[in-house]
Amino acid sequence: MNKTIRRASVFALLLVFALLVRATWVQFYEGQALADDKDNRRNAIETYSAPLGNIIVGGRSVTGSAPTKTGDLKYKRTYTDGELYAAVTGYASQAYAPTQLEGIYADLLNGTDSRLKSVMDTITNQRADPGNVVTTIDPDVQKAALDALGDKKGGAVAIDPKTGKILAVVSTPSYDPSSLTDANTAGAAWKKLTADPEKPLVNRALRQPLPPGSTFKLVVAAAALEDGLYSSVDEKTASPDPYTLPGTSRDLSNENPNAPCTNATIRTALEYSCNNVFAKMAVQLGQDKVKAMAEKFGFNDDKLDVPVRAYTSVYPSDMYPSQTALTGIGQFDVTATPLQMAMVSAAIANGGKLVSPHMVSQITNSGGDVLQDYDDEAGSKEIVSSSTAEQLQSAMQTVVDQGTGTNAQVPGATVGGKTGTAQHGENNSQVPYAWFTSYGKSDSSGKEVAVAVVVEQSNAARSEVSGNGLAAPVAKAMMEAALKD
């Protein structure tokens, strides 16, 4: 073989080798990335080639699948009572990325989760039958919340304090996820929903943090009792009325100028929602101690998964004393979601221990075999001592029995709560937010529930906006549904 032929042969072999290396690289290293690419149409075709698994509420599926009439996608997602459960299920769309439980458990629901595969599925590389998601949601509590919120814009969460099970997650205005499932019609629905100034796609229960107003006074009271600043909720505080914010000439007023807030006890201060008491208390404790207590309840946790990732509720840092005072009444840069404030009441109701909140009980395969049991995995941590919790329970009961939260009274149940009316806009120029957080215990069955409600906007006149007037009736309806025998 002459030199020219030999060189040409070697060059040809090198080209073949390079081609084999490139093919191997694409197949084994880039193949998965190409397969997972959102623009890969084959993924959608595969996902919707068969019915999806379902999301279960109260033993009944609230999702389904229906054959399509046109196109290369054989099935589309369907929803039963879509508006009622939208804040729980989210949507699975042929056109858009799935959200909420549909997104978190997409692999389980479309059969690609490795835990679903049988030995034969693995050998044949076939997609397994899809699994199901069993939620902790109580359909009666969920419906009570949606009905009570009505045409008001807001959010509500209910939790079983003993188990951490989330019984309701409601956001209003809601939407029907069915409008987004079909690729042929989803575009128009998406445009309408995203252009809506009421923002129905926002999950106000889990992902809309707002100033919590006076509901945050529970956190400050807990810090004061745990720190020993005051020995009980019935000890007099050193709280002048009015209270001048430190370093300023601004006096902090109370909503009720005739309330007995001068040197009031914690019980009386919660009953009448005395700003002067808790603003000074926050300054006395110092921002670090208030922040530490807030964080024990769950504030500043940017990884709060239930399993949907909740938006972070915030207690700020690096403040002037005057700003620390305002945080004592849930203002300045303090923000919270209804989930967070429900967690505060849940921990107090449960003797000071917070059980991890979760809205999925189990995930199963198509045959009902449990793949993971979240109820068994729910841990708990002590937020405050049982003594502090008992005192706060007693004070919260006073709020509902004879204070600012009387609209939350439930016949046949012991109810404790705290109202909040949080300022909104510069110099409180916009309609305030109405809050209520509470717990209820059935006097006969022993059932318990913790609830938090925020009404972001309503048709009520500004002078009529209050936690007791707008949010407490919603909480009452939810507690009644949760505590019924």
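This passage describes a five-stranded sheet, two serine residues, the nonpolar cores and one helix pair in a predicted model.

The model is predicted, so that local features were considered at pLDDT of at least 70 and side-chain atom pairs at pLDDT 80 or more, whereas totals for chains, interfaces and linings use all residues. Residues are numbered from 1 along each chain as its sequence is written, and side-chain values use heavy atoms, with hydrogens and water left out.

Five strands form an open sheet with mixed pairing, in the order β2-β1-β5-β11-β12. Strands (E, at least two residues) and helices (H or I, at least four) are DSSP runs numbered from the N terminus, and two strands pair if DSSP finds at least two bridges between them. Strands β2 (60-61) and β12 occupy the edges; each has a single partner strand, so one side of each lacks a neighbour in the sheet. At one end, β1 (residues 55-57) and β2 are antiparallel and share two bridges, with isoleucine 56 bridged to serine 61 in β2. Strand β11 (residues 360-364) is joined to β5 (residues 132-135) by four bridges in the antiparallel sense. Three bridges link β11 to β12 (residues 370-373), again antiparallel. Isoleucine 363 of β11 is the bridge partner of valine 133 and stands opposite glutamine 372 in β12. The hairpin of β11 and β12 has five residues between the strands, and glycine 368 there takes a positive phi near 90°. Four of the five residues of β11 are buried (under 20% relative accessible area, 1.4 Å probe, protein chains only; exposed is over 50% and partly exposed in between), so the strand is largely enclosed by the rest of the structure.

Serine 61, in strand β2, is partly exposed, at 24% relative accessibility. Its contacts (heavy atoms within 4.5 Å), not counting residues up to four places away in sequence, are Asn54, Ile55, Ile56 and Thr80. The side chain of serine 61 also reaches the backbone oxygen of threonine 63 at 2.5 Å. Aspartate 376 is 315 residues from serine 61 in sequence, and their C-alpha atoms are 22 Å apart.

Serine 171 lies in strand β7 (residues 166-172) and is buried, with a relative accessible area of 7%. A polar atom of the serine 171 side chain lies 3.0 Å from the backbone oxygen of valine 202, and one lies 2.9 Å from the backbone nitrogen of arginine 204. Beyond neighbours within four places in sequence, the contacts of serine 171 are Ala87, Gly154, Gly155, Val202, Asn203, Arg204 and Ala205.

The largest nonpolar core (buried Ala, Val, Leu, Ile, Met, Phe, Trp, Tyr and Cys residues joined through side-chain atoms within 4.5 Å) contains 125 residues, of which Phe278, Leu339, Val453 and Met478 touch the most other members. Helix α17 (residues 467-483) supplies the largest share of this core, ten residues. A second, separate core of twelve residues includes Leu52, Tyr79, Ala86 and Tyr175. Leucine 339 touches residues including Val157, Ile159, Leu304 and Pro357.

Helices α14 (residues 338-349) and α16 (residues 386-402) have axes that come within 8 Å and cross at roughly 115°. Axes are lines fitted to C-alpha atoms over the stretch in contact, and angles run from 0 to 180 degrees between N-to-C directions. The two helices are therefore roughly perpendicular (65 to 115 degrees; under 35 is roughly parallel, over 145 roughly antiparallel and the rest oblique). Ser345, Ile348 and Ala349 of α14 meet Ala389, Leu392, Gln393 and Met396 of α16.

Definitions and conventions
A polar contact is a pair of N or O atoms within 3.5 Å; within protein, one must be able to donate a hydrogen and the other to accept it, and residues adjacent in sequence count only if both atoms are side-chain atoms.
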